[in-house]
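Grab your viewer and work through these short exercises. Each one sets a task and then walks through a solution.

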Amino acid sequence: MAGKVVVYGGRGGLGVVVVNYFKSSGYWVLSVDIGANDAADANVLVSLSAGWVEQEAGVCQGVREALAGSKVEAVINVAGGWAGGNAANADWVKNADLMWKQSVWSSAISATLSAAHLKDGGL
């Protein structure tokens with residue numbers, strides 16, 4: 001086995017491709033997303049109803065349990081997206097809030113995961 005990687009956003013359009021690439025290259029892959037990726041070796045599901053602090057705690061606990069003390073070669077964050085709209089759109093603040101949660105929260109949580117689980121010299 002080539003090693004282990006964590007893919008945050010592993011069920012999205014780009015995430016599925018990244019998970020499949022690492023799997024085809026012999027890696028054990030952990031997907032973190034709002035839905036499970038059946039191609040991954042393990043999944044940690046993100047709760048959309050949790051606040052940022054609670055979401056980080058839940059993801060970190062799930063990753064810690066899935067890795068069982070092992071370190072990873074990479075933590076790759078491909079979560080996020082564009083909700084569209086502009087200031088004239090009645091939903092623009094709601095869309096901006098969603099983008100903030102999908103992009104900034106996932107980036108911050110990925111940094112926490114990297115600090116805790118990344119091998120020396122990892123990506």
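**Exercise 1: the pocket**

How much space lies in the largest pocket? Work out what lines it, too.

Solution. Keep in mind that this is a predicted model.
- Step 1: the largest pocket holds about 370 Å³ of space.
- Step 2: its lining has 20 residues, and the closest to the centre are Asp-33, Ile-34, Leu-48, Lys-101 and Gln-102.
- Step 3: sort the lining by class, and you get 10 nonpolar, 8 polar and 2 charged residues.
- Step 4: look at the elements. Helix H1 (13-24), strand S2 (27-33) and helix H3 (92-117) each bring at least two lining residues. H3 gives the most, with 5 residues.

**Exercise 2: the rings**

Find how many aromatic pairs the structure holds, then sort out the geometry around Phe-22.

Solution.
- Step 1: the count of aromatic pairs is 3.
- Step 2: take Tyr-21 with Phe-22, whose ring centres are 5.4 Å apart with 80° between the planes. Planes over 60 degrees apart count as edge-to-face, and that's the label this pair gets.
- Step 3: now take Phe-22 with Tyr-27. The centres are 5.0 Å apart and the planes sit at 85°, so this pair is edge-to-face.
- Step 4: put the pairs together, and Tyr-21, Phe-22 and Tyr-27 are linked into a cluster.
- Step 5: check accessibility. Phe-22 has a relative accessibility of 16%, so it counts as buried, while Tyr-21 is exposed at 52%.

Another ring is worth a stop: which residue has its charged end over the ring of Trp-28? It's Lys-4, at 4.7 Å from the ring centre.

**Exercise 3: two alanines**

Place Ala-68 and Ala-2 in the fold, and decide how exposed each one is.

Solution.
- Step 1: Ala-68 lies in the loop between helix H2 (52-67) and strand S4 (74-77).
- Step 2: check its backbone. Most residues other than glycine have a negative phi. Ala-68 has a positive phi, near 45°.
- Step 3: the relative accessibility of Ala-68 is 66%, so this residue counts as exposed.
- Step 4: Ala-2 is in the segment before strand S1 (3-8). Its relative accessible area is 40%, so Ala-2 is partly exposed.
- Step 5: list what Ala-2 touches, leaving out residues up to four places away in sequence: Ser-25, Gly-26, Tyr-27 and Glu-73. Tyr-27 is also part of the ring cluster from Exercise 2.
- Step 6: finish with a distance. Ala-2 and Ala-111 are 109 residues apart in sequence, and their C-alpha atoms are 23 Å apart in space.

How values were computed
Residues are numbered from 1 along each chain as its sequence is written. This is a predicted model: local features need pLDDT of at least 70, side-chain atom pairs count only at pLDDT 80 or more; totals for chains, interfaces and linings use all residues. Side-chain values use heavy atoms; hydrogens and water are left out. On a 1 Å grid over the protein atoms alone, a cavity is a set of points where a 1.4 Å probe fits but cannot get out, and a pocket is an open set with protein on both sides within 12 Å along at least five of seven lines; lining residues have an atom within 4 Å of a point. Grid points are joined across faces, edges and corners, and a volume is the space filled by probe spheres set on the points. Helices (H or I, at least four residues) and strands (E, at least two) are DSSP runs, numbered from the N terminus. Ala, Val, Leu, Ile, Met, Phe, Trp, Tyr, Cys and Pro count as nonpolar, Asp, Glu, Lys and Arg as charged, and the others, Gly among them, as polar. Buried means under 20% relative accessible area, exposed over 50%, partly exposed in between (1.4 Å probe, protein chains only). Contact means heavy atoms within 4.5 Å. Rings of Phe, Tyr and Trp (its six-membered ring) pair if their centres lie within 6.5 Å; planes under 30 degrees apart count as stacked, over 60 as edge-to-face and the rest as tilted. A charge sits over a ring if NZ of Lys or CZ of Arg is within 6 Å of the ring centre and within 35 degrees of the ring normal.
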